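User: Could you take a close look at the aromatic rings in this one and walk me through what sits around them? After that, carry on to whatever else you can tell me in detail.

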Amino acid sequence: MADKQLFRARREFVARVSSDVVVQLLDDLLEDGVINDGENEAVIKKNSCTADKARHLIDTVRMKGPKASGKLISRLSERDPNLCELLNLAPPESPAPAAKLPQQETTAVSPVLVPCTERFKRALLEKEANSIYVPKPKGQRRRLALLINNVQFDHPPLLRRGAERDKENMEKLLNGLDYTVDEHSNLSAQDIDEAVKKFSQREEHSQSDSAFVVIMSHGKRDVICGVHYNPNEPEKDLFSIDNIFRHLNNQNCPALRDKPKVIVIQACRGDESGSMWACDSVPNPSGLEDDGMRMLPKERDFICLMSCTPDTKSYRSPETGTLFIQKLVETINTHAHKDHIVELFRKVMKQFKDSKWQMPSGDRWTLINNFYLFPGQ
């Protein structure tokens, strides 16, 4: 019986279902007549977090009996087949349609990193060794990532509620990709600069094949706000994003020469207005390499993705964190086992193509090869 299946899977459903899937299920079940407008509104308005909404939804449908429960299972199998399989929920059988219309291929969002297969990695290295950054063997490398997250500011209205979730999600993702995370919280602009500079001098980079730098804070165009920033003194405590590239370039960080350096910036870049959610901004020449004497560009092998375009804002949910980091983590979890970093970032941007609020922006991309993360390898 479908209602008994739901009861058995209730705890895991509440813990694992994503906010997007809950919203989609509500629309589906309203369209199917399983719930009415009042029940739909109750789930949304009476519950602040995703888990509470999921619990309210599954209990409402389960109490309506096997037929309604079967509808929920069927809709879940369409929206998130991976979760449906994980919960061991079997959609009720239905007659096969006379003709099946072609459907656009979709991939369910994965809450965890999908591992890359050894076969895929080996085939790629054999066929495209000259066009990809070749990773070091897992047991012989020491990958590092720098993660800076400013949450609490001297000016209380700038508190970034929900930003802790971004830190947790990014740290989990980076650890899953085999990076040791150097994590910092609530830094001034000077401290951010020192943290990036010290990170660039870490000896482990010589044994690594890549690096990540993730900085999350308030911001304005081309700068990130330190925790002493105050809108009444708008030119104080600002860290220039240029400094990230300067500290990690070929001249100042030779240990990362010829290795991909991924920069992720979650911060506003201006004050153009938006709506909904909580906003992440305040309202109102070449070097020489000694050993071979070959000329190198100072700045190369970088890729940077910023949460929004110049002069615009980023948006954050106080419960679930920023939209940008949520989509970035989901995309890498789901697609990194087969896509290189440029394609991953393109897929992140594509998810915002109809957004009224923000559009992530690539900046200073100088990768000369494709960079695959090869999760699990």
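Analyst: Counting rings of Phe, Tyr and Trp (its six-membered ring) as a pair if their centres lie within 6.5 Å, you get 6 aromatic pairs. One of them joins phenylalanine 120 and tyrosine 372: the ring centres are 6.3 Å apart and the planes sit at 65°, so this pair is edge-to-face. That label is for planes over 60 degrees apart, while under 30 degrees is stacked and the rest are tilted. Next along, the rings of tyrosine 372 and phenylalanine 374 have centres 5.6 Å apart and planes at 20°, so they are stacked. Put together, ring pairs make a cluster of Phe120, Tyr372 and Phe374.

Before going further, a word on the basis: this is a predicted model, where local features need pLDDT of at least 70 and side-chain atom pairs count only at pLDDT 80 or more, while totals for chains, interfaces and linings use all residues. Residues are numbered from 1 along each chain as its sequence is written, and side-chain values use heavy atoms, with hydrogens and water left out.

How buried or exposed is that cluster? Tyrosine 372 and phenylalanine 374 are both buried, with tyrosine 372 at 8% relative accessibility. Phenylalanine 120, at 27%, counts as partly exposed. Here buried means under 20% relative accessible area, exposed means over 50%, and partly exposed is in between (1.4 Å probe, protein chains only).

Rings also meet charges in this model. A charge sits over a ring if NZ of Lys or CZ of Arg is within 6 Å of the ring centre and within 35 degrees of the ring normal. Lysine 261 has its charged end over the ring of phenylalanine 302, 5.1 Å from the centre. Over the face of phenylalanine 245 you'll find arginine 364, at 3.9 Å from the ring centre.

Arginine 364 is worth a second glance for its backbone: its phi is near 55°, a positive value in a residue other than glycine. It lies in the segment after β14 (361-363) and is partly exposed, with a relative accessible area of 29%. Helices (H or I, at least four residues) and strands (E, at least two) are DSSP runs, numbered from the N terminus. Aspartate 258 is not a glycine either, and has a positive phi of about 70°. You'll find aspartate 258 in the loop between α10 (242-248) and β7 (261-266), partly exposed at 33%.

Methionine 359 is in the loop between α12 (341-350) and β14, and at 26% it is partly exposed. Leaving out residues up to four places away in sequence, methionine 359 touches Ser307, Cys308, Thr309, Met349, Phe352 and Lys353; contact means heavy atoms within 4.5 Å. The C-alpha atoms of methionine 359 and proline 310 are 9.7 Å apart, with their positions 49 residues apart along the chain.

Now for a helix pair. The axes of α1 (residues 2-16) and α4 (residues 50-62) come within 10 Å and cross at roughly 175°; axes are lines fitted to C-alpha atoms, for helices over the stretch in contact, and angles run from 0 to 180 degrees between N-to-C directions. α1 and α4 are therefore roughly antiparallel, the term for angles over 145 degrees (under 35 is roughly parallel, 65 to 115 roughly perpendicular, the rest oblique). Residues of α1 in this contact include Leu6, Phe7 and Phe13, and those of α4 include Ala54, Ile58 and Val61.
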